[in-house]
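Q: Please take a close look at a single part of this model. Describe how that part is put together and what is packed around it.

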Amino acid sequence: MAGTTEQHAGTAAEALSPDRILELGVSFWASKTLLSAVELGLFTELARRPATAEELRARLGLHPRAARDFFDALVALGMLERDGAVYRNTAATDLFLDRAKPSYMGGILEMANARLYRFWGDLTEGLKTGRPQNEAKSGGDFFAVLYQDAARLREFAHAMTGLSMGSAIAIAERFPWQQYRTFMDIGTAEGNLPVQIALRHHHLTGGGTDLPALEPIFKDYVASFGLNERLRFIANDFLTEPLPAADVLIMGHILHDWGLEDKRRLISKAYEALPAGGALIIYEAIIDDERRRNVFGLLMSLNMLIETPAGFDYTGAECCGWLRDAGFRECYVEHLVGPESMVVGIK
């Protein structure tokens, strides 16, 4: 019996592998490789013309020593394709990481590279102190500076459009809009969600609210779709002012920025602004109720620790509880795309 037990233990040990642990532990290698490629404009260069390693190295101004390894690492990561000696973008990187295309979503990766990458190096300190690890540590405020730079704000708002496009289309297509006449998107940025809704439902009118600096960005984006007669911008600070009235109010990537008290306050404001039968749509990387599967949602909650004084992400069940406490008579959760879901409350 002893020999059998020892043999079983040896077999079990041999079946285990540290590969996953090692891969996860150095996964920042892969992340930074992609972020540096975006910073260098590599995908934009290849969108103009595929190239050999030497041609691409010269166009990007890279040293010969590691350029080939850099390009081939991106091939292995699925971010580039290589036919013989010629490199080209994948279909996805060509669409989403070419700065010359309106579908470019690299702005959020640029921010991750310039800011979040180094701030996440202080995650351990954040876990011990519960305090943000971004510019706030030295008395700075990234978003205050961003809102003072019109060009950077426009780029950032457009990056948010790319990031939320999949969810915006899903909400526009799946929510029962035929039951409603008006809507407002709270914290609308460029206005991507109102545009996607209006394009698919011609009976609807509405728009978006945000801080005054976003108004010209919103109006330009909406006008580019010919929707300026149906969609309007309302300057609004949702923390200090009442929310505008509409049949449907939407909060996308908003609630996770705030602590529980402010989350409840914003939900209560929405309840007060809605008519009977009106709906509140909340969407972001909603964590699964068992808190096991939505890795992105859980990591996003850690990012809220890095970036905000009290923000955190949450499960659908938790959100429905807050909605019911505010008075909503019905609540359901529906998956949208990737890690994102919407929580819908009916007044």
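A: Two strands are taken to pair if DSSP finds at least two bridges between them. On that basis, this predicted model has an open sheet of seven strands, and the pairing within this sheet is mixed. Read across the sheet, the strand order is β6-β5-β4-β7-β8-β10-β9. At the edges stand β6 (231–235) and β9 (330–335), each of which pairs on one side only. With direction ignored, the average turn between neighbouring strands of the sheet is 20 degrees.

One pair of strands can be followed in detail. β4 (residues 182–186) and β5 (residues 205–210) run parallel to each other and are joined over five bridges. Within this pair, aspartate 185 stands opposite glycine 208, a residue of β5.

Helices pack on the sheet as well. Helix α11 lies across β8 (279–284), β9 and β10 (341–346), and its direction is at about 150 degrees to that of β8. Helix α14 (residues 260–273) also packs on the sheet, where it touches β7 (248–252) and β8. The angle between the directions of α14 and β7 is about 160 degrees.

Two loops leading from strands of this sheet to helices each hold a residue with an unusual backbone setting. In the loop between β4 and α12 sits alanine 189, which has a positive phi of about 60 degrees although it is not a glycine. Its relative accessibility is 18%; because the limit for buried is under 20%, alanine 189 counts as buried. Histidine 253 belongs to the loop between β7 and α14. Histidine 253 is not a glycine either, and its phi is positive at about 55 degrees. With a relative accessible area of 22%, histidine 253 is partly exposed.

The helix that follows the alanine 189 loop also meets α11. Helix α11 (residues 150–174) and helix α12 (residues 192–200) pack with their axes 9 Å apart, at an angle of about 35 degrees. The crossing of α11 past α12 is right-handed. On the α11 side, the contact involves Thr161, Ser164, Met165, Ala168, Ile169, Ile171, Ala172 and Glu173; on the α12 side, it involves Asn192, Leu193, Gln196, Ile197 and Arg200. Sorted by class, this contact holds seven nonpolar, four polar and two charged residues.

Another helix pair can be set beside that one. Helix α3 (residues 27–40) and helix α6 (residues 64–76) have axes 10 Å apart and pack at an angle of about 115 degrees, so α3 is roughly perpendicular to α6. Their crossing is left-handed. Thr33, Leu34, Ser36, Ala37 and Leu40 of α3 make the contact with Phe70, Ala73 and Leu74 of α6. The contact of α3 with α6 has six nonpolar and two polar residues, and no charged residues.

As for the setting, the protein chain has 16 helices and 10 strands. Its C-alpha trace spans about 65 × 65 × 45 Å along the principal axes. Of the 347 residues in the chain, 45% are buried. Among contacts with a separation of 6 or more, 66% are between residues 24 or more positions apart.

Note on methods
Residues are numbered from 1 along each chain as its sequence is written. This is a predicted model: local features need pLDDT of at least 70, side-chain atom pairs count only at pLDDT 80 or more; totals for chains, interfaces and linings use all residues. Side-chain values use heavy atoms; hydrogens and water are left out. Axes are lines fitted to C-alpha atoms, for helices over the stretch in contact, and angles run from 0 to 180 degrees between N-to-C directions. Helices (H or I, at least four residues) and strands (E, at least two) are DSSP runs, numbered from the N terminus. A crossing is left-handed if the near helix is turned anticlockwise from the far one by less than a right angle, and right-handed if clockwise. Contact means heavy atoms within 4.5 Å. Ala, Val, Leu, Ile, Met, Phe, Trp, Tyr, Cys and Pro count as nonpolar, Asp, Glu, Lys and Arg as charged, and the others, Gly among them, as polar. Buried means under 20% relative accessible area, exposed over 50%, partly exposed in between (1.4 Å probe, protein chains only). Angles under 35 degrees count as roughly parallel, over 145 as roughly antiparallel, 65 to 115 as roughly perpendicular and the rest as oblique.
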